[in-house]
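I opened this entry to record what I looked up in one chain. The notes follow the order in which I checked things.

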Amino acid sequence: MDKEQTGNEIKNAIRNEIKKEYLQSMIDQLIRDIIQGELSESKDVDADAVVGHLLDSTAVQSLIERLGVTNQKSQHQVPSAINVPQNIKDEMLGGRQYLYLKICGGRAFMDHLGVSNSGGPHQPFFVIHVALQTQRYKTRRISCECDPQISEGFLFDLQQLKPGYAAKTLDAAELLSLTEPITLIVVKEGQVANPTLVSVYTLEWHSLLTQPSSSCKFVCQLMGIVMMLKRWLLLFWLTGRINRKENACGYVPGAEHQVPVGLLDIEATLLPPVEKVIPHKVFVEHLHSTETRIGEKRRLFVSYAREWWREYTEASEKHRKRMVRIFAMDECGKNRFVCEFVRILEVGQALKSPEEAARWVSVLPTILEHQLPAGPTKPWYTLGTAVIAGSLNIESKCSLLCSLLLGFGLDAWICVGTNQSGQPQVWIMTRGPYTAVTFWESITGSRYLHRVGQRAAHGYATVGSVFNNKAFYANCQVSEKIEYCSFVLEDATIWKKMSYTATSSIVEKEAYHLKLVSPVDNGNERKINMEKQLKILIMEHRNEHGLSTHFDDHLSYVLTPALWSYEREAIDSGGLAEIRSAEFFSAALMNTVPEGYTFKGFPLHFMHSSSKRAFSAISNSSIGREIIECRGDNVTLAVRAITTCYPENVFVTWVMVACTFRQLG
């Protein structure tokens, strides 16, 4: 390809990618400046020479990278020098192999082009999480700009990935055998809105082993989270709406593809450098053989799944209409067997019981169905992404909770079926040692005991399939209604199981260890500020209605144990401790509220720290409005807030507003 043709292709790429006029003018000005600066000495400007200088110039190379028109060579450049900060060097121990990764900047975040960033309290910001197995870091808050300024480095101890090699530094061959990539997860956060997952990027760092300097520069093109793909999707949402004659394999065509959201400039260095590098040809052959081996396993499994599905649907015509989900798409658009989303997950001492794990998952912000784009495809987050994303859809919450319950030693499964409205529904099931079956709701943390022949308050209507990290079953019972279903999965006459040989070939067998981040504070400042602001808002509201306001500090203090019992009840689902707490609270009110006076209280909880949103929820409730607008003789008001802290900086704030008064007349 000659230079003129290459230059034309770049111009076309620029015109296609940059759709805003003022950005186009900026590009034109850049080209004019390059021509004037580099060819000013020549009166006769040759077109081929201009193209050649433009292609070789640093500015145009940066522009090409920004537009994503990069080749393999430009994505893996060897930096002239990488300065490792002294504090990073101080963390290093002799005889261990480290990887130092530095994020040098961001570019072309076009969604934020021209956006003013005032840095106010409600201004959104980016946080980039960098993870390598159990080692996790995150950047400071980054302004949401087109070209965000980032300069932060992180040190990974590669020796931890090879527990049996702690005594000696890993060589290039041993490093190549490490299969764990570095994952970069970009999350957009703000003071008001829930965190939003922006992009997930997998950095293949092993190319460092081919460089004599053991250093590389990477240009990472971040792609948006997939909702629909421009290719056939391996989604077996087999609800009878898929016409088998038109699509015998169960594939569903997508409509859109991932959209680029920006670029990150990364520098990576092995410390110390490897003594003997791996030839590039050997490295390429290794990658090719690995990809071929994995691809062959997946091809064989897909073939088996097709045959398994054919046998299942031919056994009964009504099986075709049942909710049997075999494949799902992850956040990066990769089709996976659903069992791959579940693993035995151990998080150290961050969570102390299955009940606390259920509570933590339930208070993570939920992406509801109406908040997702229209279409049949919903991404199912992998475990590492699910923990960091900040807000999850129901499917991702179920896989996270099921994995945590497996980690606590329970016999946990994900159930796929429908609710009473006929809509798809996903929930968790655990089986006890005496065949006791309990359903767990991931959004609320509630638990329901299942008894055959009895309806419960859970709202689940039918079940089509169940699975965990080891096995996959489809319902073969005469009725798929939940109250008539037996969950003795070992009974082959009522549950059709996938071959263990087939499923085990594609799922991870080892436990997944993940470090959860402890809360940065104990929530004291949050609850104190919440109480102060709510008192001000209540006082202003009563003044507007011509009412005086008096707060009773002692009554506010008496409300505290009630709020603590509400949170414990949410964890333990109404045990004896909560009954005793209710008795104590009733006794405290009898000793505090004068005889002849009426007490009213309104508790609520939320996962934000906005007093205005809390006051709005109170005033929009009939009971809450009665309290803050209370009229009577000797009206006193009370406000109490408590905050419970969970891993990953998730806070649950309980608030109670209350009043005592004596009715007149």
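I began at a loop: Asn-649 sits between strand 25 and strand 26. The model is predicted, so I treat every value here as computed from it. Asn-649 is not a glycine, yet its phi is positive, near 55 degrees. I then looked up its cover: the relative accessibility is 24%, so Asn-649 counts as partly exposed, the buried class ending under 20%.

Next I looked at the sheet around that loop. I found an open sheet of 3 strands in the order 24-26-25, paired antiparallel. Strand 24 (598-606) and strand 25 (633-646) are its edges, each pairing on one side only. On average, neighbouring strands here are turned by 15 degrees against each other, direction ignored. I counted the link between strand 24 and strand 26 (residues 650-662) as 9 bridges, antiparallel. Within strand 26, Ala-658 is the residue opposite Gly-601.

Which helices pack on this sheet? I noted helix 15 (residues 560-572), which touches strand 24, strand 25 and strand 26. The direction of helix 15 makes about 40 degrees with that of strand 25. I also noted helix 9 (residues 354-363), which lies across strand 24, strand 25 and strand 26 and runs at about 85 degrees to strand 26.

I turned to the nonpolar cores. The largest has 81 residues, and Phe-337, Trp-360, Leu-400 and Phe-472 have the most contacts inside it. Helix 11 (residues 394-407) gives the most to this core, with 8 residues. A second, separate core holds 40 residues, including Phe-126, Ile-182, Val-198 and Val-274. I keep one general remark beside this: in soluble globular proteins, nonpolar side chains tend to be buried together.

What does Phe-337 contact, leaving aside its neighbours within four places in sequence? I listed Phe-301, Ile-326, Phe-327, Phe-472, Met-498, Thr-503, Ile-506 and Val-507.

I checked helix 11 separately. Of its 14 residues, 13 are buried. From first C-alpha to last, helix 11 reaches 20 Å, close to the 20 Å expected at 1.5 Å a residue. Gly-409 follows helix 11 and has a positive phi, near 90 degrees.

Strand 12 (residues 260-271) came next. I found it mostly covered, with 10 of 12 residues buried. Strand 2 (residues 98-107) runs antiparallel to strand 12 and is joined to it by 9 bridges. Strand 9 (residues 215-223) is also antiparallel to strand 12, again with 9 bridges. For register, I noted Leu-99 opposite Leu-270 in strand 12, and Val-219 opposite Asp-265 in strand 12.

I followed the chain on from there. The peptide bond between Leu-271 and Pro-272 is cis, with omega about -10 degrees. Pro-272 is in the loop between strand 12 and helix 8 (280-315).

I looked up one more positive phi. Gln-133, not a glycine, has phi of about 55 degrees. Gln-133 lies in the loop between strand 3 (125-132) and strand 4 (135-138). Its relative accessible area is 33%, so Gln-133 is partly exposed.

I closed with totals. The chain has 18 helices and 26 strands, and 49% of its 665 residues count as buried. Among contacts with a separation of 6 or more, 71% join residues 24 or more positions apart. The exposed area is about 32900 Å², of which carbon and sulfur atoms supply 52%.

Conventions: Residues numbered from 1 in each chain as written. Predicted model: local features only at pLDDT ≥ 70, side-chain atom pairs only at ≥ 80, totals over all residues. Heavy atoms only, no water. Core = buried A, V, L, I, M, F, W, Y, C linked by side-chain atoms within 4.5 Å. Buried < 20%, exposed > 50% of the residue type's maximum accessible area, 1.4 Å probe, protein only. Helix = DSSP H or I, 4+ residues; strand = E, 2+ residues; numbered from the N terminus. Contact = heavy atoms within 4.5 Å. Pairing = 2+ DSSP bridges. Areas by Shrake-Rupley, 256 points an atom, 1.4 Å probe, with all protein chains shown as cover. Axes fitted to C-alpha atoms, helices over the stretch in contact; angles between N-to-C directions. Expected span 1.5 Å × (residues − 1).
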